Amino acid sequence: MSATETATETPADIRPGTEIRDPLADHLITPQNSALILIDYQPSQVQAVRSIDQDLLVENIISTTKLAKLFGIPIVHSTVNVASGRQDPTVPRLAELLEDDPPIDRTSLNAWEDADFLAAVRATGRRKLIACALWTEICLAFPSLDALREGYDVYPVVDAIGGTSPEAHRAGLERVTQAGGKPISWVSLACELQRDWAREETVAGVVEIVLTERLLKADPQ
């Protein structure tokens with residue numbers, strides 16, 4: 001058998017059509033090429049959101065975080081002004097999920113201008129950033145624009161973020177997308193990460209997070 005024939009042979013344990021693309025080079029989001037940045041999900045920020053129902057917002061960011069945990073995606077978690085006493089920490093339900101991802105507390109509105117936050121993002125080694133922050137027009141937009149400028153791919157999770165008004169949310173998202181951001185929803189994120197139901201190790205978790213806990217409940221919130 002020639003070297004060429006050996007190189008193109010399909011391994012016996014992989015069914016035709018189920019070969020996995022390079023998870024690092026894939027142009028879509030994979031668990032191996034992405035990181036979640038999660039910024040300022042604190043009580044006062046949530047309470048000021050007017051672009052989405054606040055309870056639904058919290059449910060969506062919790063589902064997004066559960067997905068990141070399920071797929072082993074690095075999480076960079078940041079808060080603002082907790083150390084100064086001006087703000088309360090991350091909302092409790094989300095904080096419980098992030099117990100292993102302690103927050104990087106900042107004073108800057110733009111997390112990208114905080115040295116510790118920036119170092120944590122770079123330390124992940126990931127170039128695709130799944131972006132969730134409050135509010136859309138400030139703490140999502142500012143670091144996303146900076147990250148895009150530095151060559152990162154940025155994916156705002158549109159239904160897990162919120163602005164101080166529908167107009168502010170829309171303007172913040174448009175500013176990011178015009179700069180090259182790629183908006184997604186939390187459900188589309190789940191499917192992009194799973195990609196193939198033959199990848200059985202995460203199927204039960206995806207079904208639990210997306211369907212059992214959320215979409216198939218009588219009350220989707």
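A contact here means heavy atoms within 4.5 Å. In this predicted model, residues 24 or more positions apart account for 79% of the contacts in the protein chain that have a separation of 6 or more. The secondary structure comes to 9 helices and 5 strands, and along the sequence these follow the pattern α-β-α-α-β-α-β-α-β-α-β-α-α-α. Of the 221 residues in the chain, 46% are buried.

The salt bridges give a way into the long-range arrangement. The structure holds 9 of them. One joins R106 to D40, with 2.9 Å between the closest N and O atoms. Because R106 belongs to strand β3 and D40 to the loop between β1 and α2, this pair ties together parts that are 66 residues apart in sequence. Both ends of the bridge lie under the 20% limit for burial: R106 has a relative accessibility of 2%, and D40 has a relative accessible area of 0%.

D40 also has a backbone feature of its own. Its phi is positive, about 65 degrees, although the residue is not a glycine. The loop that holds D40 runs between β1 (34–39) and α2 (43–47). R106, for its part, can be placed relative to S84, which is 22 residues away along the chain; the C-alpha atoms of the two are separated by 9.4 Å. S84 is in the loop between β2 (75–80) and α4 (92–97) and counts as partly exposed, at 43% relative accessibility.

Two further salt bridges start from helix α3. In one, the side chains of K66 and E213 meet at 3.0 Å, N to O. This pair links distant parts of the chain, with K66 in helix α3 (residues 54–70) and E213 in helix α9, 147 residues apart. Both partners are partly exposed: E213 has 24% relative accessibility and K66 a relative accessible area of 25%. In the other, K69 pairs with D101, and the closest N and O atoms are 2.4 Å apart. K69 lies in helix α3 and D101 in the loop between α4 and β3, so the bridge ties together parts that are 32 residues apart in sequence. Here the two ends fall into separate classes, K69 being partly exposed at 33% and D101 buried at 14%.

Salt bridges that share partners also join R21, D26 and R195 into one network. R195 is found in the loop between α8 (186–194) and α9 (203–215). Like D40, R195 is not a glycine yet has a positive phi of about 65 degrees. R195 is partly exposed, with a relative accessible area of 29%, whereas D40 is buried.

What charged residue is buried yet has no salt bridge? D159 is in that position, and the nearest side chain of opposite charge, R214, is 7.4 Å away. A salt bridge requires a nitrogen and a carboxyl oxygen within 4 Å. D159 sits in the loop between β5 (153–156) and α7 (166–178). Leaving aside residues up to four places away in sequence, D159 touches I52, N60, S185 and W186.

The aromatic side chains supply another long-range connection. The structure holds 1 aromatic pair. It consists of W112 and Y152, whose ring centres are 5.5 Å apart and whose planes stand at 80 degrees, so the pair is edge-to-face. W112 lies in the loop between β3 (104–106) and α5 (115–124), and Y152 in the loop between α6 (136–149) and β5, so the pair ties together parts that are 40 residues apart in sequence. Both residues are buried. Y152 has a further partner in R127, whose charged end sits over the Y152 ring, 3.8 Å from its centre.

Another backbone feature lies between β4 and α6. The peptide bond from L134 to W135 is cis, with omega near 0 degrees. W135 is in the loop between β4 (128–133) and α6.

The cysteines can be dealt with briefly. The structure holds 0 disulfides. Among the cysteines, C132 is buried, with a relative accessible area of 1%, and C191 is partly exposed, at 46% relative accessibility.

Terms used:
Residues are numbered from 1 along each chain as its sequence is written. This is a predicted model: local features need pLDDT of at least 70, side-chain atom pairs count only at pLDDT 80 or more; totals for chains, interfaces and linings use all residues. Side-chain values use heavy atoms; hydrogens and water are left out. Helices (H or I, at least four residues) and strands (E, at least two) are DSSP runs, numbered from the N terminus. Buried means under 20% relative accessible area, exposed over 50%, partly exposed in between (1.4 Å probe, protein chains only). Lys and Arg count as positive and Asp and Glu as negative; His and the chain ends are not counted. Rings of Phe, Tyr and Trp (its six-membered ring) pair if their centres lie within 6.5 Å; planes under 30 degrees apart count as stacked, over 60 as edge-to-face and the rest as tilted. A charge sits over a ring if NZ of Lys or CZ of Arg is within 6 Å of the ring centre and within 35 degrees of the ring normal. A disulfide is a pair of cysteine sulfur atoms within 2.5 Å.
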